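The following exercises concern the structure shown below. Each consists of a task and a solution that proceeds step by step.

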Amino acid sequence: MKKIHVLPAALLGLTLTASAFASEGPTGVQGPVVLPAAVQALPVEQAILTSPPHVPPPIARKHNARVVVNLEVREVVMKIADGAEYTFWTYGGSVPGSFIRIREGDIVEFTLNNHPSSKLPHNIDLHAVTGPGGGAASTFTAPGHGSKFTFKALNPGLYVYHCATAPVPMHIGNGMYGLILVEPKDGLPPVDKEFYVMQGEFYTQGTFGAPGLQNFDMAKSIDEHPTYVLFNGAVGSLVGDKALAAAVGERVRIYFGVGGPNLTSSFHVIGEIFDKVWPEGGMRYVQEHVQTTMIPSGGAAIVEFKLDVPGTYVLVDHSLSRAFNKGALGMLKASGPEDRVIYSGKEIDAVYFGSQAEAGTDSSKREAELKEKIAAEMRANPAIAGLTKEVQFERGKQTYMASCFACHLPDGKGMANVFPPLAGSDFLKADRDRAIRIVLKGLTGPVTVNGVAYNSAMPPQPLTDEQVADVLTFVTNSWGNAGEPYTVDDVRRVKNEAH
Amino acid sequence: MNSITRSLRIALALASAVAGRCEAVDASVGMQSIPTGAYVPVQRSTQDPESVPVAAFRLDERPVTNADFLAFVTAVPKWRRSAVSPLFADASYLGHWAGDLEPGARAPADAPVVRVSWFAARAYARWAGKRLPTTAEWELAAAAGYTTPAGKNEPAFNRDLYAWLARPVPDILPSVATARATLHGVRGLHGLVWEWVDDFNTAMVTGESRADTGLERDLFCGAGAAGAKDTSDYAAFMRSALRSSLQANNTTTSLGFRCASSLP
């Protein structure tokens, strides 16, 4: 076992007082980089950071700059679903974190501040950074501290950034990711609207929608069984009055990223075809006319489309259980005039008879009308509606064999001392209304049937009024029993009686 | 090792003599015996042993409170907020206290003291005639659950642990009495505050720098799992990450300490 000499090392860190951070930063602080005169001469600008779904404005300048980025880590409790909260770990207070937009060749002076109220250290790995860890080691920051490093944006593209502090799946799984766009030197083609959407999954100890403050579930995370798969960190973050909004005729661009920590997204907008996709966030190739684009965990893509007709377009992960059961659903509402040549809307709603008739023909329509007329007359006419005893008996038999036979047995004799008989039962015969009541509400406690005492429990039967009338007609006319048929009206009268 | 222990004892004796007292604090907090065991680091380099034997020792049954720390700064003025050297405590040292000798409403007497540096914690321990536990000792004690030596296999223990990790730091910390005692009769190793250990920066001082030591020293991203023993012990990763983010003069809103002592 070797003894560690902590004190000299700690003091060594303290002797590096070259910058504001050197006296408090992690060991390995190297002091400010000495930039060449040409770089120092570049204009300095403060990066505009936006929270989702907003995107900073396109970069207009045609030269490079020294871009100052100040990003703050905060651990905050926010809504994950209606009635459910979660402690998110955030870059800039939102999930995903602030959108950063720079230009290829820019020098980025990046400061990560970890809010004093944080429980944990955090850092940032920007996939746009060329260098070990993507900045992770250089930005590893204790609560209540700040770390600075500088990088040159060598490659254009849309890049994910995320926390890379162990246990990484938990830091990412709590919302620590975002996008940084490095615009190519020539910029991106202008569009009318730009949006920022990121998918990530959350592993909570409660089920989907379980109320209250939810805890992270380590086992679900390791098994990759998320409770929530979300766009922009909450169920409904892009729904209703928070839906993305654009107008017909506008070109829309979505910067879409996947934070993960584990799942790949099959990103799809229902009812739209992406005119252009920059797959995997790269700037070299543009794919056209894409229905669904696959975006890996820790990856991004740019999609673009023109809105031709108005309506609500639904953003989903086309692994659809995630959309329907885990929250991966957003909306883009397009306002403007209809174009019924491109999309007519519903033109016809007609009765369909399948193989029985040619749909839409005049004869089939007449046939349908006639059938409906007959059905209505049958419902209205008591002579027809009140079925004969024989028909009721047959239907009642089916109900009996489905619901009653298990205890009272197919021959109606019941089980000795446990379930009373129905065949030849004086108890059954004595009170017609009581029989209805028992079927509807069940019967518990002592009864005497044909001189034998029973003390058992029959549950209420979940039958329709018609089934109750039918089954009692069957029972009172089987195994030697004989009686008047029960009607639906009898059943209803008993059902409505005062208690 | 023996010579170091001896010099530590001498230093302790000196510190106690300088402080002019050494019994009052001992009386204010009970200690529990932690039996001999082995600590299995969650992260280690290829040169490190898989498991570290830990001799039986004594550990404070609860973290040091604001009241305890008030007694310390009352007795040793150089550790008061207004007097402390910035070399030994950063600007937020005891920042939530109302004054030098007045913890105030945001630092209840029975709540664990936080916003203390490693230097301050160590000075307190010397003054109290004790020392800080090592990482191995602290982790060995903290591995015990409520009823068994391996808390990570106790569902109730894990639930409480992750519930605490999932919550932000409250503005006002709860009383140390709120923490449930574990098998060894020790409270609040989890669920109250993080705690300093004597060798918190082990991972940093053995190598030249993080970047030079390669994957097995690197805590970041997937690389963090490269030298890991049990990658499913997320709480241990979090403690390890926290310790390696710290400098000895750092203070945070959720970082306190407790003392230990060796058995004779």
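**Exercise 1.** What area does chain B expose, and what share of it do carbon and sulfur atoms supply?

*Solution.* The structure is a predicted model, in which local features need pLDDT of at least 70 and side-chain atom pairs count only at pLDDT 80 or more, while totals for chains, interfaces and linings use all residues; side-chain values use heavy atoms, with hydrogens and water left out. Residues are numbered from 1 along each chain as its sequence is written, and chains are lettered from A and ligands numbered from 1 in the order in which they are written. Chain B exposes about 10,800 Å², by the Shrake-Rupley method with a 1.4 Å probe. Carbon and sulfur atoms supply 57% of this area. Of the 264 residues of chain B, 53% count as buried, that is, they have under 20% relative accessible area (1.4 Å probe, protein chains only).

**Exercise 2.** Describe the secondary structure of chain B and the sheet that contains strand E1 of chain B.

*Solution.* Chain B has eight helices and seven strands, taken as DSSP runs of at least four residues (H or I) and at least two residues (E), numbered from the N terminus. Three of the strands make an open antiparallel sheet in the order E1-E4-E7 (chain B); two strands pair if DSSP finds at least two bridges between them. Strand E1 (31–34) and strand E7 (260–262) of chain B each have a single partner strand, so one side of each is without a neighbour in the sheet. Between E1(B) and strand E4 (residues 57–60) of chain B there are four bridges, and B:Met31 stands opposite B:Asp60 in E4(B).

**Exercise 3.** Which residues touch the most other members of the largest nonpolar core?

*Solution.* A nonpolar core is a set of buried Ala, Val, Leu, Ile, Met, Phe, Trp, Tyr and Cys residues joined through side-chain atoms within 4.5 Å. The largest has 113 residues, and A:Phe110, A:Leu126, B:Phe69, B:Trp79, B:Tyr93 and B:Phe257 touch the most other members. Helix H4 (residues 118–127) of chain B gives the most to this core, namely eight residues. Domain 1 (37–186) and domain 2 (195–352) of chain A both contribute, so the core lies between them; the domain bounds come from an automatic or database domain assignment. Beyond its neighbours within four places in sequence, B:Tyr93 has contacts (heavy atoms within 4.5 Å) that include B:Phe69, B:Trp79 and B:Thr251.

**Exercise 4.** Is B:Leu94 buried or exposed?

*Solution.* B:Leu94 belongs to the loop between helix H3 (66–75) and H4 of chain B. Its phi is near 50°, a positive value in a residue other than glycine. With a relative accessible area of 0%, B:Leu94 is buried.

**Exercise 5.** Where in chain A are the prolines A:Pro53 and A:Pro261 found, and what are the peptide bonds that precede them?

*Solution.* A:Pro53 is in the loop between strand E1 (44–46) and strand E2 (66–81) of chain A. The peptide bond from A:Pro52 to A:Pro53 is cis, with omega near 5°. A:Pro261 is in the loop between strand E14 (251–260) and strand E15 (265–270) of chain A. A:Gly260 and A:Pro261 are joined by a cis peptide bond, with omega about 15°.

Definitions and conventions. Buried means under 20% relative accessible area, exposed over 50%, partly exposed in between (1.4 Å probe, protein chains only).
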